[in-house]
Amino acid sequence: MYEVTNSTQGAFYFHLMGIPGFEAFHIWISIPFFCLYTISITGNTSILAVIRTDPSLHQPMYLFLSMLALTDVGLTLTTLPTVLQLLWFDNSKISFEACFAQFFFLHGFSFMESSVLLAMSFDRYVAICRPLHYASILTNEVIGRIGLALVCRCVLAVLPSLFLLKRLPFCRSHLSHSYCLHQDMIRLVCADIRVNSWYGFALVLLIIVMDPLLIVLSYILILKNILSTATRTERLRALNNCLSHILAVLLLYVPMVGVSMTHRFTKHASPLVHVIMANVYLLAPPVMNPIIYSAKTKQIRQAIFHLFSPKSIQSLDVSMTYFLPENYKSIGEDDHKEPVDVVDTNVSTGHLHEVRMEAVGMVQNIALAERQPFHQEGEREESDEALGKDPQAHSQDAAVESHSKPQSLVNSITKQVCRILQSTRSGRQVLWTPPIMGLFNVTHPAFFLLTGIPGLESLHSWLAGPLCAMYAVALGGNAVILQAVRRQPSLHAPMYSFLSMLSFSDVAMALATLPTVFRTFCLHAHSIAFDACLTQMVLIHAFSMMESGILLAMSFDRYVAICHPLRYAAVLTGSVIAGTGLAVTTRSFLTLFPLPFLLRRLPLCRSNVLSHSYCLHPDLMRLACADVTVNSIYGLFVLVSTFGMDLLFVFLSYVLILRSVLAIASHEARLKALNTCVSHILAVLAFYVPMIGVSTVHRFGKQAPRYVHVLLSNVYLFVPPVLNPLIYSAKTKEIRRAVLRMFPRIRM
């Protein structure tokens, strides 16, 4: 018999559950959870702060956004105590009353988020379809009433379910998640729950179904109004105003539908599936909403930039003047004292600052070229004495000339760049020959200057710590996997041979970026020779392409193992595996072989300052002051023919695998077959998701801050080598056992 208890009896505790099957790794799993919570709280509080402090954001759209951010903070803080308590301290107990309180706030904030998104869709409808009445309809009083109505609606909707559930006796105490959910708690009741079920169903219809239907209706009306707009530019501008809200809606409702479908139709699925879906539903919206609105909404992005602008601009000036000779270091200071007569008055202050920094980078070439004559003071004095001139007067003239020459050059370059910005907005083409080309007949700079994290130059020494830790994990983890596969005869199978290739490419990728990243962040040495930069560029892109090819080969390995298991050993022999590895390597280097020659033919004269702490082809191509059509077309060809085709074939292989798995009669056999693919699927996602993010930002987020591009590129290059050994060590039992045999003192 079960012990029957309820809130009227003595102390009763529910027992929470973490990640089923990974209880031994809870302390490691807590790291990404803590990072997600940090991003959510920091991002949403930053949005709340900039909306509160910036009067230009006291508009209906941003007031609703502040409601969304406040809701996300509340939702995050509701789950944070129990999740971290369970993962950090292995304490799974939660009291009866505390569980009900968490259940109330969890569902209340979830319904609140849905309601706020509905209100934001109404805001978009009025702004686009009734623009002349926008300010008169959505006044501050109306917005306040809407916010109060949303809070009352959610509280009144969740409160009855709280009392309906509390009246029932509980037979069991073990929950299925690390927080208290209604559908999870009701499963522990040993009484008639039809009233609860019907009330929950009514809530789903009134909120979870009605809200998205009304949002879809508002967008139908918006689309109808947009299609009646005359020009294509106005249509795109109107749709762009809705893009952030559409992404936020998808982030909430897609995981919500996924959780509902999993709970309704896959009750016999692994508990891990339910836990992952619930965590995605509760964590994805609070984490992604501030990122979406910061990246896509220019006003929010500019407000955040202004919130942190004084320190970031000052550190940027210091880092730029650090590389100049002494008689050129006054450039960065005088730039702020003598404003340039900007041609385009619409150029923002932040954009103008970036233009001037590019101009300073160009003048560095002149400064470095003139460094030697400036150090020959003795020779100059002797020649002056021979001609009967006063050496002191000559030195004063030289000082004036050394200051005015670079200063005037910076002003000239800045004016021309602003003219180009103005002509770009008006649709005209302007050919620009930088003044450097007129002064020196130099096609390539002697070296490039690497950049760390823009705006955080003073913190580079602190950022070196986590970067060194990531490199240690990448090199150590992949080296351990290579050694385990080599030493254990049981791992001399096709799957692990491909895994060793993947580990080798990860080690090579980490070693390709390690020298320049270490010098930039630890030693503050930012220069890299021209030829060394080209070499690093080829190695980074080659090993990245090699990793894509190996992931494709591993998907073929999984296809043969699941769809043709009897022919597995005959198809994937040792010679076939070696030939596959050789073909992947040859394809990578032959495809990238033309790149350095295509770059060498271009005059790189715009600047010698790169945007990352390593050399990438798009970054180098941006510095060319000539036609780069051939480089762009070849780069697109490489991207489509390698990464694009690899991803397409990986997807096709899993379509065939899924088709074969669904034909298996036994449910356990299906799960076992799919479980062998989980590690590879995670490795594919860890590689291609950051790559798609980098490509998307590079294509559609050109106006985004520089640090967004830098951070995404770092994630793309650093995350796969770090995560791959962790994924395969955690998910592949044979690898885990082999590692334990190598380190016998370790106990799981």
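**A guided reading of the predicted model**

Asn478 is buried, with a relative accessible area of 0%. The structure in which this residue sits is a predicted model, and every value below was computed from that model. Asn478 belongs to helix α18, which covers residues 460-487. When its neighbours within four places in sequence are set aside, Asn478 is in contact with Val473, Ser503, Asp506, Val507, Pro721 and Pro725.

A second polar residue offers another view of the interior. Gln102 is placed in helix α3. With a relative accessibility of 6%, Gln102 also counts as buried, because the limit for that word is under 20%. Apart from neighbours within four places in sequence, the contacts of Gln102 are Thr78, Thr79, Thr82, Ile94, Tyr179 and Cys180. The fold also brings Gln102 and Leu181 to 8.2 Å from each other, C-alpha to C-alpha, although 79 residues separate them in sequence.

The discussion now turns to the nonpolar interior. The largest nonpolar core holds 85 residues, and the members that touch the most others are Phe14, Leu117, Phe170 and Met185. Several helices give two or more residues to this core: α1 (26-53), α2 (60-89), α3 (96-129), α5 (140-166), α7, α8 (232-265), α9 (271-296) and α10 (298-307). Helix α3 supplies the largest share, with 17 residues. Met185 shows what such a position looks like in detail. Leaving out residues within four places in sequence, Met185 is in contact with Phe14, Cys99, Phe100, Phe103, Leu165, Phe170, Leu175 and Cys180. Two of the other most connected members, Phe14 and Phe170, are thus found among the contacts of Met185. Another core, of 81 residues, lies apart from the largest one; its members include Ala484, Val538, Ile562 and Tyr716.

Covalent links between cysteines form the next topic. How many disulfides does a search of the whole structure find? The search finds 3. One of them joins Cys99 to Cys180, with a distance of 1.9 Å from S to S. The torsion about this S-S bond is about -120 degrees, so the disulfide is left-handed. Cys99 lies in helix α3, whereas Cys180 lies in the loop between α5 and α6 (182-185); the pair therefore ties together parts that are 81 residues apart in sequence. Both of these cysteines, Cys99 and Cys180, are buried. They have already appeared among the contacts of Met185, and Cys180 was also named as a contact of Gln102.

A further disulfide is formed by Cys171 and Cys190, whose sulfur atoms are 1.8 Å apart. Cys171 is in the loop between α5 and α6, and Cys190 is in the loop between α6 and α7, so this pair ties together parts that are 19 residues apart in sequence. Are the two partners buried or partly exposed? Cys171 counts as buried, at 11% relative accessibility, while Cys190 is partly exposed, with a relative accessible area of 33%.

The remaining disulfide is that of Cys533 and Cys615, with sulfur atoms 2.0 Å apart. This link is left-handed, with -120 degrees about the S-S bond. It connects distant parts of the chain: Cys533 is in helix α20 (residues 530-563), and Cys615 is in the loop between α23 (594-600) and α24 (617-621), 82 residues apart. Cys533 and Cys615 are both buried.

Other cysteines take no part in such a link. Cys154 is in no disulfide, and the nearest cysteine sulfur, that of Cys152, is 9.4 Å away. Cys154 counts as buried, with 3% relative accessibility. Cys677 is likewise in no disulfide; its nearest cysteine sulfur belongs to Cys563, 8.9 Å away. At 1% relative accessibility, Cys677 counts as buried. For both residues the absence of a disulfide follows from distance, because a disulfide requires sulfur atoms within 2.5 Å.

The final stop is the surface. Which residues make the nonpolar surface patch of about 1000 Å²? Its members are Trp198, Phe201, Val204, Leu205, Leu206, Val209, Met210, Leu213, Leu214, Leu217 and Leu221. Val209, one of these residues, lies in helix α7, which spans residues 194-227. Val209 is partly exposed, with a relative accessible area of 32%. Helix α7 also appears among the elements that give two or more residues to the largest nonpolar core.

Terms used. Residues numbered from 1 in each chain as written. Predicted model: local features only at pLDDT ≥ 70, side-chain atom pairs only at ≥ 80, totals over all residues. Heavy atoms only, no water. Patch = residues over 30% accessible without salt bridge, like charges linked within 9 Å, V, L, I, M, F, W, Y side chains within 5 Å. Areas by Shrake-Rupley, 256 points an atom, 1.4 Å probe, with all protein chains shown as cover. Salt bridge = Lys/Arg side-chain N within 4 Å of Asp/Glu carboxyl O. Helix = DSSP H or I, 4+ residues; strand = E, 2+ residues; numbered from the N terminus. Buried < 20%, exposed > 50% of the residue type's maximum accessible area, 1.4 Å probe, protein only. Core = buried A, V, L, I, M, F, W, Y, C linked by side-chain atoms within 4.5 Å. Contact = heavy atoms within 4.5 Å.
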